[in-house]
Amino acid sequence: MSAHTTDAASAAAYHPGSADYDEHRAGFQLREHHRPAHVVAARSAGDVVAAVRQAAESCMPIAVQATGHGLANPLAREGVLVSTRRMDSVDIDPGAGTARIGAGARWRDVVEAAARYGLAPLSGSMPGVGAVSYTLGGGIGLMARRYGFAADHVTRLELVSVDGSVLTVSEHEEPDLFWALRGGGGSFGIVTGLEMALMPVARLVGGGLVFDLGETPEAVSTWLQWTAAMPSEMTSAMTTLEVSERHMAHVQIAYLGSAAEADELVAPLRALKPAHDGLQEIPYRRSDTVFSEPDQPHAYVGDNVLLRAIDEEHLRDAIAASAPGRSVRSIISVRHLGGALSTAPRVPNAVSHREAMYLLCVVGVVAPTTTSNAASARALQDELLANWSGATVGSSPNFTFGRPDQRAAAELFDAERRDRLLQLARKYDPAGLLHPSFVIA
């Protein structure tokens, strides 16, 4: 077994009532926070080992948090929260084309470090998201249709197990864990760092086209039909939201090719005369402008379905039901999948539902402290997602936000992967001490 133990001095532990406790349990999600018995602010794998051993000896629940974007299973007045936000190192090996990423590093850290060498990670649409936690859930990023899931390109991980051992996990070392951690989440230990391949990408054609749906309602069906003919170098999505009491559609585009090629491909969308055209060739370090998502903490709930195909009428109905004027402000995002996402990696992993061609996500923006508002948002999400049962193949772990009843593993994974993940979770965490964002059960 490729394991070794690490002796470390006790990490800084913060308790309720202190400013440090509140700082390290706080995350991007403002609707809820972890409320542990204490928080450990880890700076190294040794700090994580010490925290895990202490918690295990007392049979205390253990949770880990880097940025808190996907918080869905908070500790409630018990257990230990291991904050990894200080473990934010990023080391680039330009010769090998790889990045070694610390547990607390955000995508913006990795993007900036890799860009110095003309390389790019398979980062997501929001640069403030934790790179490691994102990758453990699969990772559908800006270059996904060309290169696949971020998890498909992980080459090595470092894991602190519940017994306090430090495991090196790779294709040849702990192969069962290597399979599970790449897409199966955090039910097997605490990942303190990972190594992954970078892509030879310095620039892309990226940005958004914005349409006023009151003036250009055909933008929805046009984008949907347009995606059917796109090459794998084109990754796109469409988000509908309220802007100044107008219902807008934001078509987000990331194209790995020349500006001239992009202009030709995007011509059918531009023919609709968007209200705003922000598509241009940009360095990858500016890839955050493709989605231009808010990077300030706020309160929200969200859910998603993975679809074999999208019925245009159902999509228009869903978008109409989320138009301005409802009691809940809802954002609908549809991501075009397929391409390399449909292809299994050379070394299999836990990512499921590769046959899906679209991801439909509904996010409700809610008040941080109002339970009824969140309940209304959930009811609307359930209403909007229920109509897709005939085309649904499952759901994505990365796009389930703040779900209080825990998304069923049967929807996140196919039966074979779910059973294998459950067996491994029981093996590596027999007492069920780990408190991951989504539970394999």
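This passage describes helix packing, residue environments and backbone geometry in a predicted model.

Two packed helices are described by the angle between their axes and the distance between the axes. A convenient place to begin is the pair formed by helix α6, residues 175–184, and helix α12, residues 415–428, whose axes come within 11 Å of each other and cross at roughly 115 degrees. That angle makes α6 roughly perpendicular to α12, and the crossing itself is left-handed. On the α6 side, the contact is formed by Asp 176, Leu 177, Trp 179, Ala 180 and Gly 184. Their counterparts in α12 are Arg 417, Arg 420, Leu 421, Leu 424 and Tyr 428. Sorted by character, the residues of this contact comprise 6 nonpolar, 1 polar and 3 charged.

A second helix pair brings together α7 and helix α8, the latter spanning residues 259–270, with axes 9 Å apart and an angle of about 155 degrees between them. Angles over 145 degrees count as roughly antiparallel, so α7 is roughly antiparallel to α8. Here the crossing is right-handed. From α7, Thr 222, Trp 223 and Trp 226 take part in the contact, and they meet Leu 265, Val 266, Pro 268 and Leu 269 of α8. The residues of this contact divide into 6 nonpolar and 1 polar, with no charged residue among them.

Helix α7, which covers residues 219–227, also holds Ser 221. With a relative accessibility of 14%, Ser 221 counts as buried. Beyond the residues up to four places away in sequence, Ser 221 touches Glu 312 and Arg 316. Another serine, Ser 330, lies in strand β17, residues 329–336. Ser 330 has a relative accessibility of 4% and therefore counts as buried. With residues up to four places away in sequence set aside, Ser 330 is in contact with Thr 240, Ser 322, Val 363, Gly 364 and Leu 380.

Helix α2 offers a simple check on helix geometry. The 13 residues of α2, numbered 45–57, should span 18 Å at 1.5 Å a residue, and the end C-alpha atoms are 18 Å apart, which agrees with that expectation. Its buried residues are Ala 45, Gly 46, Asp 47, Val 48, Val 49, Ala 51, Val 52 and Ala 55. These buried residues pack against a set of strands, namely β3 (38–41), β4 (62–65), β5 (80–83), β8 (154–160), β9 (165–170) and β10 (190–197).

The chain that follows α2 is worth a look as well. Just after the helix, Cys 59 adopts a positive phi of about 55 degrees. Pro 61 sits in the loop between α2 and β4, and it is buried, with a relative accessible area of 18%. Leaving aside neighbours within four places in sequence, the contacts of Pro 61 are with Leu 75, Glu 78, Gly 79, Val 80, Leu 433 and His 435. Pro 61 and Leu 81 are 20 residues apart along the chain, and their C-alpha atoms are separated by 8.5 Å.

Positive phi values turn up in loops elsewhere too. Glu 245, which is not a glycine, has a positive phi of about 65 degrees and is placed in the loop between β12 (234–243) and β13 (246–255). Its relative accessible area is 69%, so Glu 245 is exposed. For His 353, also a residue other than glycine, phi is positive and near 60 degrees. His 353 belongs to the loop between β17 and β18 (358–365) and, with a relative accessible area of 10%, is buried.

Finally, Arg 100 is found in strand β7, residues 98–102. At 30% relative accessibility, Arg 100 counts as partly exposed. Not counting residues up to four places away in sequence, Arg 100 touches Ser 89, Val 90, Asp 91, Glu 158, Thr 192, Gly 193, Leu 194 and Glu 195. Arg 100 and Val 220 are 120 residues apart in sequence, and the distance between them in space is 40 Å, C-alpha to C-alpha.

Methods
Residues numbered from 1 in each chain as written. Predicted model: local features only at pLDDT ≥ 70, side-chain atom pairs only at ≥ 80, totals over all residues. Heavy atoms only, no water. Axes fitted to C-alpha atoms, helices over the stretch in contact; angles between N-to-C directions. Helix = DSSP H or I, 4+ residues; strand = E, 2+ residues; numbered from the N terminus. Parallel < 35°, antiparallel > 145°, perpendicular 65-115°, else oblique. Left-handed = near helix turned anticlockwise from the far one by under 90°. Contact = heavy atoms within 4.5 Å. Nonpolar A, V, L, I, M, F, W, Y, C, P; charged D, E, K, R; others polar. Buried < 20%, exposed > 50% of the residue type's maximum accessible area, 1.4 Å probe, protein only. Expected span 1.5 Å × (residues − 1).
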